[in-house]
Amino acid sequence: MQFKSSRSYHDPLHGAITLHASDRDEALLIQLIDSPSFQRLRRIRQLGPASLTFHGAESSRFTHSLGVMAIARRAFDQLQRRYPDLAPHRATVLVAALLHDIGHGPFSHTAEEVFGLEHEHWTRRIIAELPEIHAALEARAEGLAAAVDQVYTHEHPIALVWQLVSSQLDCDRLDYLLRDSYFTGASYGQLDLDRILMALRFEAGSGRLVVAHKGLSAIEHYLVVRHFMYAQVYNHPKNISVTWLLERAFERARSDLLVGKLEADPTVTAWLLAPDRPLALDTYLAGDDIVFTYHLQRWRHSPDRLLADLCRRFLDRDLLKTLEVTRLSADQQETLLATVRAHLEAQGYSGEHYSGLRRTWSRGYTTYHQGICVYSDNAFVDIKELSPLVQALSQPYERTWLLYPRDIHPWLQQTWAAYSPDLKPEAE
């Protein structure tokens, strides 16, 4: 296949991402980007159904993957100039960065919750089994596919190689925090990317990625940004409500399918039967946001009134409301849910489908896969030991939400008083 001398992708965050066909690694990236399995990522939104919460959140896994590769190239090439012995690993890092999300399914992470599938597993299968990907990697260098797989399993012998793609401080997180902040309109995600990248170092003895002390403030800021993006964007109660509706809709569709009362094409039929019946790779890759949204549109007119209403609510953004009940004990939360469901049943609703409890959990900063190591006073120490701010960000926290139809909100306000008479309900 012949390529132009260069290829540029104009990105709203990183400007022109230019790949040169004269560079063997970058020629391979162009070939991978043009593959059907990678182009499929254009049809999968980066933030799944979060555009129902943040109307600008329309970017795709395709644009994010290009961004991760662009940051990884900047980071690696800068490190390689300081540490030339890293040069043989450039293709591994760039390919792993580009393909890290190729296994995502419809609605991104929401599909994992709905269908019980893990995109990391499918990413590894695509690289190992799909000829258009595997053959291209092996044509570049024998064993490249296996080396990329070692990045995803954190087993590559040079820790820095996988840490640039998957760690507490990686190019994936740097791009999605910047990108998701930009497209959601949130102001939390403004990172000092240049300073972070300039502070990266390679510790030859252990082979790991470390940060120069001068980058401490930029890394602290990065961790604060991550904290707020999870609290205010990723775990926004409206996102929780949308995911709940999709789960209930596809659960109902699966029930109808099993008794022969659902119309669906072979792709969606197979997805609904997963994971009890393993998906073939080509069937997995046939699933995207367009295919599944089309079926939700069809099922909106289903004779099954419950399925039709769940689909309508998602498509028309008639979402369930959410009430934070974190302040209640676990027993009080369950009692409140039972009371709500009984009330809904009396109103003609299915209490099980129109109300529930959802929990969001944040572990904060952890030493996950070696944490973030800072070179300070001739020693390598975890950033948590140097920064009181990071110590505070290391505290885990959990929030619990009650979901319910807006029709019963006035009744719920009165009911809530029995649980917290001194507190007003804060519903979303």
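**Two open sheets in a predicted model**

Good morning. I shall begin with one pairing: strand 6 and strand 9 (residues 397–404) run antiparallel and are joined by seven bridges. In that pairing, R359 stands opposite T400 of strand 9.

Before going on, I should say that this is a predicted model, in which local features need pLDDT of at least 70 and side-chain atom pairs count only at pLDDT 80 or more, while totals for chains, interfaces and linings use all residues. Residues are numbered from 1 along each chain as its sequence is written, and side-chain values use heavy atoms, with hydrogens and water left out.

Some terms are needed as well. Helices (H or I, at least four residues) and strands (E, at least two) are DSSP runs, numbered from the N terminus. Two strands pair if DSSP finds at least two bridges between them.

Which order do the three strands of this open sheet have? The order is 5-9-6, with antiparallel pairing. Strand 5 (321–324) and strand 6 (356–362) are the edge strands, each pairing on one side only. On average, neighbouring strands here are turned by 30 degrees against each other, direction ignored. Axes are lines fitted to C-alpha atoms, for helices over the stretch in contact, and angles run from 0 to 180 degrees between N-to-C directions.

Two helices pack on this sheet, and contact means heavy atoms within 4.5 Å. Helix 18 (residues 330–346) touches strand 6 and strand 9, and its direction makes about 145 degrees with that of strand 6. Helix 22 (residues 409–419) touches strand 5 and strand 9, and its direction makes about 10 degrees with that of strand 5.

I turn now to the other sheet. This open sheet of four strands has the order 3-4-7-8, with mixed pairing. Strand 3 (200–203) and strand 8 (379–382) stand at the edges with a single partner strand each, so one side of each has no neighbour in the sheet. Neighbouring strands of this sheet are turned by 45 degrees against each other on average, direction ignored.

Strand 3 and strand 4 run antiparallel, joined by four bridges, and E203 stands opposite R208 in strand 4. Their hairpin has four residues between the strands, and there G207 takes a positive phi near 75 degrees. By contrast, strand 4 (residues 208–212) and strand 7 (residues 373–376) run parallel, with two bridges; V211 stands opposite V374 in strand 7.

Where do the side chains of strand 3 point? In a regular strand, side chains alternate between the two faces of the sheet. L200 and F202 point one way, R201 and E203 the other, and all are buried (under 20% relative accessible area, with exposed over 50% and partly exposed in between; 1.4 Å probe, protein chains only).

Thank you.
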